[in-house]
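Reader: I'd like a close look at one part of this structure, the place where the ligand sits, and then a walk outwards from there. Could you take me through it in one go, without too much ceremony?

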Amino acid sequence: MSELRFENVTVRYGRTTAVDEVSLTVPEGAVVGLVGESGSGKSTLARAAVGLAPLTTGRITLGGDPIPARGRPRPLQMVFQDPYSSLDPRMTVGRSVAEAMPPGGSRADRRAEVERLLELVHLNPSCAGAVPSRLSGGQRQRVALARALAARPRVIIADEITSALDVSVQGAVLNLVRELQRELGLAMLFISHDLAVVRYVASQIAVMRHGRLVEQGPTTRVLTEPEHDFTRELLAAVPGRTTRRNRP
Ligand SMILES: Nc1ncnc2c1ncn2[C@@H]1O[C@H](COP(=O)(O)OP(=O)(O)O)[C@@H](O)[C@H]1O
Ligand SMILES: [Mg+2]
């Protein structure tokens, strides 16, 4: 079982409550979207899951167990907004991906695994010899995903992974996320400030505001019958979308 559970999680920085009593479950094999405006606490919640933000109260478990913050394997992997800062600029793509793989296997096996991972994210295996600066933003984000997958995680947390990309390549990365979910049964907490992005990949949506979850449920329900005013506001910002209440 590899359900990721946040139970009554609170994170305080001094007098700022960044995350306030959040309970959220990412079921095995599902993509859960976490949406909310900038500063609502999304990244803090994600960082808490990998030990980068201190829990004031609550607990976070994966498959019922606490999540190891160090050592290998790392069952929970993060992918961030800026693939350039998360990839070592001096390391080739192949080395970056190989470094994240569990130890063991011959050199040839490891090279074949790197190729397999690059193909999985629709990169040409010849990219293995390139440094990140040779790649486009979209390609770098594919490398970041390949690197996360290399660790054979049970869950990936993707924090604004399309936000720094041109609109023209956002769609391709989102399609890749959908494909990975479908083909690998990959579970993901998919974070974005943009509901238009989240609804495309997530089967469930959680809406965060001022550190709290104000609404969560199946994507279609949240989109057609939002319960919270703030969700309606987010929806109003999505082009070509009307809620039931707003419909003529
Ligand atoms: N390391 C930190 N120290 C102090 N305050 C922080 C820290 N990280 C985040 N915050 C504060 O927590 C709140 C939530 O931030 P964040 O989780 O980054 O929101 P989001 O990812 O939704 O934009 C903000 O008010 C932010 O200023
Ligand atoms: Mg953030």
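Author: Sure. Keep in mind that this is a predicted model. Strand S4 (residues 57–62) is a handy landmark for the walk, and it pairs with S5 in the antiparallel sense over 2 bridges. We'll come back to that pair once we've been through the ligand site.

So, which residues are around ligand 1? The list runs Tyr13, Thr16, Ala18, Gly36, Ser38, Gly39, Ser40, Gly41, Lys42, Ser43 and Thr44. Sorted by class, that shell holds 2 nonpolar, 8 polar and 1 charged residues. Two elements, S2 and H1, each put at least two residues into the shell around ligand 1. H1 gives the most, with 3 residues.

Let's stay with H1 for a moment. This helix covers residues 42–49, and 7 of its 8 residues are buried, so call it mostly covered. The buried ones are Lys42, Ser43, Thr44, Leu45, Ala46, Ala48 and Ala49. Notice that Lys42, Ser43 and Thr44 are on that buried list and are also around ligand 1. Ser43, which lies in helix H1, is a good one to click on. It counts as buried because it has 22 C-beta neighbours inside 10 Å, and the cut-off for buried is 20 or more. Ser43 also has a partner from far along the chain: its C-alpha atom and that of Ile191 are separated by 8.0 Å, although the two residues are 148 residues apart in sequence. Just after H1, Gly51 takes a positive phi of about 80°.

The other contributor to the shell, S2, takes us into the sheet. This is an open sheet of 4 strands in the order S2-S1-S4-S5, with antiparallel pairing. Its edge strands are S2 (16–26) and S5 (65–66), each of which pairs on one side only. So the strand that helps to line the ligand shell is also an edge strand of this sheet.

Now go across the sheet from S2. Strand S1 (residues 4–13) and S2 pair in the antiparallel sense over 7 bridges. Tyr13 stands opposite Thr16 in S2, and both Tyr13 and Thr16 are among the residues around ligand 1. The hairpin of S1 and S2 has 2 residues between the strands, and there Gly14 takes a positive phi near 60°.

Further along S2 there's a backbone angle you may want to look at. Glu21, which lies in strand S2, has a positive phi of about 55° although it is not a glycine. For context, most residues other than glycine have a negative phi. Glu21 counts as partly exposed because 14 other C-beta atoms lie within 10 Å.

On its other side, S1 meets S4, again in the antiparallel sense, over 5 bridges. Here Glu7 stands opposite Arg59 in S4. Val9 is found in strand S1, and Val9 is buried because 24 other C-beta atoms lie within 10 Å. The C-alpha atoms of Val9 and Ile60 are separated by 7.5 Å, with their positions 51 residues apart along the chain. Finally, back to the S4 and S5 pair: Leu62 stands opposite Asp65 in S5, and S5 is the edge strand at that end of the order.

Away from the sheet, the helices give you some packing geometry. Helix H3 (residues 93–100) and helix H5 (residues 137–150) pack at an angle of about 25°, with their axes 7 Å apart. H3 and H5 are therefore roughly parallel to each other, and their crossing is right-handed. H5 has another packing partner in helix H4 (residues 107–120), where the angle is about 130° and the axes are 9 Å apart. That makes H4 oblique to H5. The crossing of H4 and H5 is right-handed too.

One last stop for your backbone checks is Glu160, in the loop between strand S7 (155–159) and helix H6 (167–184). Glu160 has a positive phi of about 55° although it is not a glycine. Is Glu160 buried or exposed? Glu160 is buried, because 21 other C-beta atoms lie within 10 Å.

Methods: Residues numbered from 1 in each chain as written. Chains lettered and ligands numbered in written order. Predicted model: local features only at pLDDT ≥ 70, side-chain atom pairs only at ≥ 80, totals over all residues. Buried ≥ 20, exposed ≤ 12 C-beta atoms within 10 Å, placed from the backbone. Pairing = 2+ DSSP bridges. Near = placed C-beta within 6 Å. Nonpolar A, V, L, I, M, F, W, Y, C, P; charged D, E, K, R; others polar. Axes fitted to C-alpha atoms, helices over the stretch in contact; angles between N-to-C directions. Parallel < 35°, antiparallel > 145°, perpendicular 65-115°, else oblique. Left-handed = near helix turned anticlockwise from the far one by under 90°.
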